[in-house]
Amino acid sequence: MASSLSRRRRAFTLVELLVVIAIIGTLVGLLLPAVQAAREAARRSQCVNNLKQIMLGVHNHHDAKQKFPNTVGWGDNYGGAYYFSDKVLLLPYIEQATTYNALAAKDGGCYYPGWGDGSIPAANTNALNTSIKVFKCPSNPNVIGDGRANHNYSVNMGTSHDPPHATTGSRQAADGRHNGVMSGGHFSPQSWNDPPRTMANISDGTSKTAFYSEFVTELWAGNVSNNPQFHRHQVYNWANGNSTAEVRTSCLAQTALNDAGGGRVMRGGSWSWGMAAVGAAYSHTMMPNEKSCHSWNDAGDWGGSNALAATSEHPGVVNVGMADGSIRSVSNGVANDVWWAMGTRAGRENTADSE
């Protein structure tokens with residue numbers, strides 16, 4: 001009898017069961033952050049790889065055409081059929097020749113969801129509404145429309161003012177005088193026009209000059225006072241100032257979001273549309289993951305004078321493609337002068353601290 005009782009399975013007491021549950025809960029609590037960190041590391045790695053592919057396409061385009069692709073521009077039909085962005089011109093060089101060859105016209109007519117421009121050929125609308133994986137960072141949380149034409153990478157337009165950036169009265173760098181690698185062509189009937197950029201234009205050195213950066217897609221959600229945390233990557237109203245430092249300070253002080261017309265979001269909406277406000281270009285005026293604002297001069301955002309920050313959902317950094325093709329993860333805490341120097345192609349600033 002005693003032998004039989006000794007073989008009986010002893011049940012857990014309530015205390016023991018609670019201890020086991022507590023241990024399991026602790027293990028799950030320890031493992032979950034590790035799993036999330038591993039997933040973000042994989043997403044960040046994919047984002048870096050996207051930038052590498054884009055920069056390889058930029059270099060291949062330069063080898064073939066002896067210039068970088070134009071960044072933004074529109075044609076003689078002002079307000080009508082927009083000219084293509086640099087990403088359209090890059091398609092044959094990033095293994096997207098099928099999409100490029102499907103275009104009905106190679107010199108104009110891009111696609112932007114929701115605008116319904118009847119002058120855009122149907123073939124272009126179909127082709128340019130294609131989701132291009134290399135143009136999307138997997139860590140980006142926001143989607144405009146159905147997300148197919150969204151993108152998260154843009155060209156460096158430089159700083160709002162030429163070096164020395166923090167000196168009041170220094171010359172504005174916009175309206176055809178961009179000091180980054182952006183080139184805006186075919187701006188009829190505007191009176192200005194950036195020349196095409198080449199390797200020779202980057203006298204500061206290709207390893208010290210930013211070319212592409214990631215940004216988080218804008219998602220309009222009403223006035224900022226409703227939920228300030230939600231609007232970390234939104235575009236605010238117009239900034240102003242007589243130097244890069246003053247423009248940055250003005251932008252940081254803005255409290256009202258820019259509606260972009262009846263609740264219509266723009267930045268990140270279409271990889272094919274050549275316009276800075278849609279995300280074709282970003283600015284080194286604002287530090288990484290700071291606010292973004294619209295134009296600092298009278299020409300407005302159409303002139304490519306937006307203070308659009310480089311932003312990301314990677315903790316503490318943004319990924320930047322340098323003009324030599326290398327990729328850097330730049331900290332949010334980068335010194336202002338270093339970030340501004342990375343943004344100019346020929347500023348001759350001291351960039352020793354950026355090495």
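Five strands come together in an open sheet, and following them from one side to the other gives the order 6-2-4-8-9, with mixed pairing. At the borders of this sheet sit strand 6 (281-282) and strand 9 (327-331), each of which pairs on one side only. The model described here is a predicted one, and the sheet is a convenient place to start reading it.

Strand 2, covering residues 153-156, pairs with strand 6 in the parallel sense, over two bridges. Within this part of the sheet, valine 155 stands opposite alanine 281 of strand 6. A helix accompanies the strands: helix 7 (residues 336-343) lies across strand 2, strand 4 (210-214), strand 6, strand 8 (317-322) and strand 9. Relative to strand 8, helix 7 runs at about 35°.

The cysteines come next. A search of the whole structure turns up one disulfide, and it joins cysteine 251 to cysteine 293, with an S to S distance of 2.1 Å. This pair links distant parts of the chain: cysteine 251 belongs to helix 6 (residues 244-253), cysteine 293 belongs to strand 7 (residues 292-294), and the two are 42 residues apart. The torsion about the S-S bond is about 90°, so the disulfide is right-handed. Both partners, cysteine 251 and cysteine 293, are buried.

Another pair of cysteines is worth a look, although no bond joins them. The sulfur of cysteine 47 has its closest cysteine sulfur in cysteine 137, at 3.5 Å, which is too far for a bond. A disulfide calls for sulfur atoms within 2.5 Å. Cysteine 137 is accordingly in no disulfide. Cysteine 47 counts as buried because its relative accessibility is 0%, and cysteine 137 is buried too, with a relative accessible area of 7%.

Charged side chains add further links, and the count of salt bridges comes to two. One of them connects glutamate 290 with arginine 248, where N and O are 2.5 Å apart. Glutamate 290 lies in the loop between strand 6 and strand 7, while arginine 248 is in helix 6, so this salt bridge ties together parts that are 42 residues apart in sequence. Helix 6 and strand 7 are also the elements that hold the two cysteines of the disulfide. Glutamate 290 is buried, as its relative accessibility is 16%, and arginine 248 is likewise buried, at 17%. The other salt bridge forms between aspartate 146 and arginine 148, whose closest N and O atoms are 2.7 Å apart. Here arginine 148 is partly exposed, with a relative accessible area of 41%.

Finally, the confidence of the prediction deserves attention. The protein chain averages a pLDDT of 79, and 73% of the residues score at least 70. Among the elements of the chain, strand 4 has the highest mean pLDDT, 97, and helix 1 (residues 2-6) has the lowest, 51. Strand 4 is also one of the five strands of the open sheet. Over residues 75-81, pLDDT stays under 50, and the model has 16 contacts beyond four places in sequence for this stretch. Residues 187-191 also stay under 50, with 14 such contacts in the model. Where pLDDT is low, the predicted coordinates should not be read in detail.

Note on methods: Residues numbered from 1 in each chain as written. Predicted model: local features only at pLDDT ≥ 70, side-chain atom pairs only at ≥ 80, totals over all residues. Heavy atoms only, no water. Helix = DSSP H or I, 4+ residues; strand = E, 2+ residues; numbered from the N terminus. Buried < 20%, exposed > 50% of the residue type's maximum accessible area, 1.4 Å probe, protein only. Pairing = 2+ DSSP bridges. Contact = heavy atoms within 4.5 Å. Axes fitted to C-alpha atoms, helices over the stretch in contact; angles between N-to-C directions. pLDDT = per-residue confidence, 0-100. Salt bridge = Lys/Arg side-chain N within 4 Å of Asp/Glu carboxyl O.
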